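Reader: I should like to learn how to read the features of a protein model. Could you guide me, beginning with the empty space inside?

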Amino acid sequence: MTESREEQERDLSRLVVSRAGRLVATGDDREPYRVVGPDGAIVEPVSVFLRDLLASGKSESTLRSYSVDLLRWWRFLDAIDVQWNRASRAEARDFSCWIQLTAKQRLQTSRPRAARWSSRTTGAPNPVTGKPASRDGYAPSTVAHSETVLRRFYDFHRDTGTGPVLNPFPLDASRRGRRHAHHNPMLRREVARYE
């Protein structure tokens, strides 16, 4: 399958992903968080997924973490003008590259009653803990977590018949398991001999 011209030429270094949309804490135990998309509407596919996670016993902090990752994905899709259920592996690839390239914005509350989004000065220690500042971009663990959340989100919608048949975030073949992982260690392993 060949990529479209637009997919090949997407310049991620110039891509502007707006901060439109938000995560809303509802205070309701039955639906602790809602994701509001860049268009101002509640993102129903995310709400359905979060309700399923809640029903399976996931904690409120897990729901919040998943919601943040899904909101970031929705913002990215809005910036490239692609619907969530039309996203392909090209969009997933571009998102994975973008999240590694972008500088994350941090909320600073240095002035009372005023919060502003800004990147902290590179190398400046954390004013509370004194620890060295993290880099401006997202940590590799955040990137991996995002991809895992999005893979799970698309798996859920595929399995319920409400999303695309192909998951744009497939599991990397190298992470599918060890070779011979189910071999019984009590049995002798047969080795093929080629002469």
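Author: Let us begin with the general idea. Rolling a probe the size of a water molecule over the atoms shows where empty space is left. The model shown here is a predicted one. In this model the count comes to one cavity of 30 Å³ or more.

Reader: How much space lies in the largest cavity, and which residues line it?

Author: The space in the largest cavity is about 40 Å³. Its lining consists of Arg30, Glu31, Pro32, Tyr33, Ser47, Leu50, Arg51, Leu54 and Leu63. Two or more of these residues come from each of the elements β2 (31–36) and α2 (44–55). The most is given by α2, with four residues.

Reader: How does the lining of the largest cavity divide by class?

Author: Five residues of that lining are nonpolar, one is polar and three are charged.

Reader: I now turn to pockets. What is the volume of the second largest pocket, and which residues are the closest to its centre?

Author: The second largest pocket has a volume of about 260 Å³. It is lined by 13 residues, of which Pro38, Asp39, Trp74, Asp78 and Gln83 are the closest to the centre. By class, the lining of this pocket has eight nonpolar, two polar and three charged residues.

Reader: Next, I should like to understand aromatic rings. How is a pair of them described?

Author: Two quantities are used: the distance of the centres and the angle of the planes. This structure holds 17 aromatic pairs. In one of them, the ring centres of Phe95 and Phe169 are 6.3 Å apart and the planes stand at 85°, so the pair is edge-to-face.

Reader: Why does the pair of Phe95 and Phe169 tie together parts that are apart in sequence?

Author: Phe95 belongs to helix α4 (residues 89–101), whereas Phe169 lies in the segment after α5 (140–160), so the pair ties together parts that are 74 residues apart in sequence.

Reader: Are Phe95 and Phe169 buried or exposed?

Author: Both Phe95 and Phe169 are buried. Another edge-to-face pair is formed by Phe153 and Tyr154, with 5.2 Å from centre to centre and 85° between the planes. Phe153 and Tyr154 are both buried as well.

Reader: Which residues form one aromatic cluster?

Author: The cluster is made up of Phe49, Tyr66, Trp73, Trp74, Phe76, Trp84, Phe95, Trp98, Phe153, Tyr154, Phe156 and Phe169. Both pairs just discussed belong to it. Trp74 also appears among the residues closest to the centre of the second largest pocket.

Reader: Where is Arg89 found, and which residues does it touch?

Author: Arg89 is found in helix α4. Leaving aside residues up to four places away in sequence, Arg89 touches Asn167, Pro168 and Pro170. From Arg89 to Leu166 the C-alpha to C-alpha distance is 8.8 Å, although 77 residues separate them in sequence.

Reader: Finally, let us consider the whole chain. How many helices and strands does the protein chain have?

Author: The protein chain has five helices and four strands. Read from the N terminus, the elements run α-β-β-α-α-α-β-β-α.

Reader: What can be said of contacts, burial and exposed area?

Author: Among contacts between residues at least 6 apart in sequence, 56% join residues at least 24 apart. The chain has 195 residues, and 31% of them count as buried. It exposes about 13400 Å², of which carbon and sulfur atoms supply 50%.

Conventions: Residues are numbered from 1 along each chain as its sequence is written. This is a predicted model: local features need pLDDT of at least 70, side-chain atom pairs count only at pLDDT 80 or more; totals for chains, interfaces and linings use all residues. Side-chain values use heavy atoms; hydrogens and water are left out. Rings of Phe, Tyr and Trp (its six-membered ring) pair if their centres lie within 6.5 Å; planes under 30 degrees apart count as stacked, over 60 as edge-to-face and the rest as tilted. Buried means under 20% relative accessible area, exposed over 50%, partly exposed in between (1.4 Å probe, protein chains only). On a 1 Å grid over the protein atoms alone, a cavity is a set of points where a 1.4 Å probe fits but cannot get out, and a pocket is an open set with protein on both sides within 12 Å along at least five of seven lines; lining residues have an atom within 4 Å of a point. Grid points are joined across faces, edges and corners, and a volume is the space filled by probe spheres set on the points. Ala, Val, Leu, Ile, Met, Phe, Trp, Tyr, Cys and Pro count as nonpolar, Asp, Glu, Lys and Arg as charged, and the others, Gly among them, as polar. Contact means heavy atoms within 4.5 Å. Accessible areas come from the Shrake-Rupley method with a 1.4 Å probe; for residues, only the protein chains shown count as cover.
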